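Please look through the model below before reading the points. They are set down in the order in which I would go through them with a colleague.

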2 protein chains.
Amino acid sequence: MATIYDVAKAAGVSPKTVSRVLNDDAPVGRTTREAVQDAISRLGYVPSNAARVMRSNRSGLIGLITGAISNTPEAGDPKGLPELYIVQGVQEIFAEEAKTLMISDTGGRSDRVPALVSTFRQHRVEGLIYVADYHRQTRFEVRPGGPPVVLANCYDTIGTPSVLPDDRSCQRSLVARLIEAGHRRIGYLTLGNYMDATGLRIEGYRDAHADAGLSVDPDLILEAYREDHTPMTSALNRLLELPEPPSVICCGNDEMAMRLYGLLRTRGVEVPEEISVAGFDNYRAIAETLFPPLTTVELPYRELGRRAARRLLGIIAKDPPGTDDPVRIPGPVVWRSSVTAR
Amino acid sequence: MATIYDVAKAAGVSPKTVSRVLNDDAPVGRTTREAVQDAISRLGYVPSNAARVMRSNRSGLIGLITGAISNTPEAGDPKGLPELYIVQGVQEIFAEEAKTLMISDTGGRSDRVPALVSTFRQHRVEGLIYVADYHRQTRFEVRPGGPPVVLANCYDTIGTPSVLPDDRSCQRSLVARLIEAGHRRIGYLTLGNYMDATGLRIEGYRDAHADAGLSVDPDLILEAYREDHTPMTSALNRLLELPEPPSVICCGNDEMAMRLYGLLRTRGVEVPEEISVAGFDNYRAIAETLFPPLTTVELPYRELGRRAARRLLGIIAKDPPGTDDPVRIPGPVVWRSSVTAR
DNA sequence: CGATGTACTGACATCGGTGTCATGACATCG
DNA sequence: CGATGTCATGACACCGATGTCAGTACATCG
């Protein structure tokens, strides 16, 4: 493998001059520059980042820790997608900034994290992004003296900068649109109560009611999530048996909505004529393909990744830290024909 | 940031001895070792990979190029998933081997590839894996003198080692199972003819018929794929209007099958009682959640990634090159209730 | 015309590890 | 008992870039 010395010799200049051509950080004569460039391409020279890092201490590397890659334990399971979109947004920003992203996967085992951080530190990453699989609290230990960290899709209690999806405002926007469309009895089959998102979204559901001067009937809100979808049947029964059943049912995610279509049709209930349905996530493979297409709301994960990346760049460049912590990213309602006006 | 000299001084030994403790590559006295380890943790010392690479020339890095991250242009679009599973398999193997994976994304623009390769070469990656978004031919230029390359989910015409999904045997297994279940008229709504996979799968469909001594009715095979799903309606009409309509319909992917459920029900055709349906991909969010759950076949993308990674490790270690090129990975039929016996 | 500034270039030290070689202290062997 | 081998350790050079400093040639200014 050719070195800068080989290039220098071939071009008849000093190594330092080659370095100047490579980095364009000092004036170089026209003919000299061309001779150097010629030698570089003739020799197929590629500079060694390792040597550069040693002297200059800027690695150009950013570390990212995620379970995105292995958190999709089986083919076709969409669980890992949010993380994936976040990674995508992060990648997008760093590609622009000519930083290289090193991605490490926890393999679903958080006890591996310290080892991954240590590897990143060996590579002298300039910063670290930790991406969680779903909106949650976390504890991400970084020793003092380590690189700056930004949390994406999670937060901690010690003030580490973090960027989160705004579950509350998303649910609020969606329910506001339903109310606007004339709905007054809005059922809500939620995700598991153990999830932060569930509480936040119920807040959003309440916010929208409060904004419209409506009271909330707690009987309309039922936890109905499980991997195997079983709780949905009984939850749906309870909603339909209410003295005043809902005219629209919101679901904790689009898969639940897909399931709900089936359950309602089994009971001979037409969607959306008799009962409207709304989802959450805008999981397009489902939301667009279902008939009728599903009204839902999108968590802007890619944007979340972009913001996390910019945040980290700001910290690396020692921008004054904003007071806006955590950053919450709102997302758009996607209106399709699974909801009718009343 | 502490260096190996700081540690040496703190432990009262030479830097070389610290190095020996770190790499465990030569005997070190018990008390000396403990003194060094103590100094390391006291100082929070993390060795510099850059310095290590300079001297030893082993970077411990593997480069991976993919569009997985950005090939999912919109939320919930499953297009990028195969690549993702491949990356996952690759990651799994290299994590075991203590190699660090650098992932670069093409952002969908293949003209960026040379720049990405150049960045990887600057980091002195020991090898490179190129992952394609779907089974296809590709041309991946690496200059001579560059790191070894393995292609995953794609192949070229110049003999670069590659690992591919065995579309043909997958379709063959599926159709064989259908025949075993008593089906004799097997419709097939294929993906686009421009895709390599389509031709291979039709081969597999024929293979299964030939194995069973059945002839193939070409009228049963129709190209029916488009992003907007529109061609499916007319294709289905043509199948149903045949003098002897099919008793089961295979689809090019699980989304098409999901769509087909809807179209059949609109016509009052019961699935699976009147017509059975089979998919392709085992896209679980769909295949498991649909009612009835979908019989399909799984392309083993994660395994494909693992194999590609092991292949590359073999090449790096200069194992004798196997003659088995390209490697084709078969996958299992996943039998669910969307197909009945006849 | 001498002083000053700017463009261009090279010599040399240095970053933080590891490979090579040398050395001293013991243990083992014939 | 001397020869040989193994364990444990250190001295030193070196990997391939870049930061610092200095020097030359030429243009510009007062």
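The notes that follow deal with the basis of the model, its domains, one strand and the DNA contacts.

1. This is a predicted model, in which local features need pLDDT of at least 70 and side-chain atom pairs count only at pLDDT 80 or more, while totals for chains, interfaces and linings use all residues. Residues are numbered from 1 along each chain as its sequence is written, and side-chain values use heavy atoms, with hydrogens and water left out.

2. Chain A is assigned domain 1 (4–47), domain 2 (61–165 + 302–329) and domain 3 (167–299), bounds that come from an automatic or database domain assignment. The C-alpha centres of domains 1 and 3 of chain A are 64 Å apart.

3. In strand β4 (residues 149–155) of chain A, 6 of the 7 residues are buried (under 20% relative accessible area, 1.4 Å probe, protein chains only). Strand β3 (residues 127–137) of chain A runs parallel to β4(A) and is joined to it by 6 bridges, with A:Tyr130 partnered by A:Leu151. Strand β5 (residues 162–165) of chain A is also parallel to β4(A), through 2 bridges, and there A:Val163 stands opposite A:Ala152.

4. Among the 25 residues around DNA strand C, those that come nearest include A:Arg20 and A:Thr32 (a residue counts if one of its heavy atoms lies within 4 Å). A polar side-chain atom of A:Arg20 is 2.5 Å from a base nitrogen of DNA strand C, whereas the side chain of A:Thr32 places an N or O atom 2.2 Å from a phosphate oxygen of that strand.

Methods: Chains are lettered from A and ligands numbered from 1 in the order in which they are written. Buried means under 20% relative accessible area, exposed over 50%, partly exposed in between (1.4 Å probe, protein chains only). Helices (H or I, at least four residues) and strands (E, at least two) are DSSP runs, numbered from the N terminus. Two strands pair if DSSP finds at least two bridges between them. A polar contact is a pair of N or O atoms within 3.5 Å; within protein, one must be able to donate a hydrogen and the other to accept it, and residues adjacent in sequence count only if both atoms are side-chain atoms.
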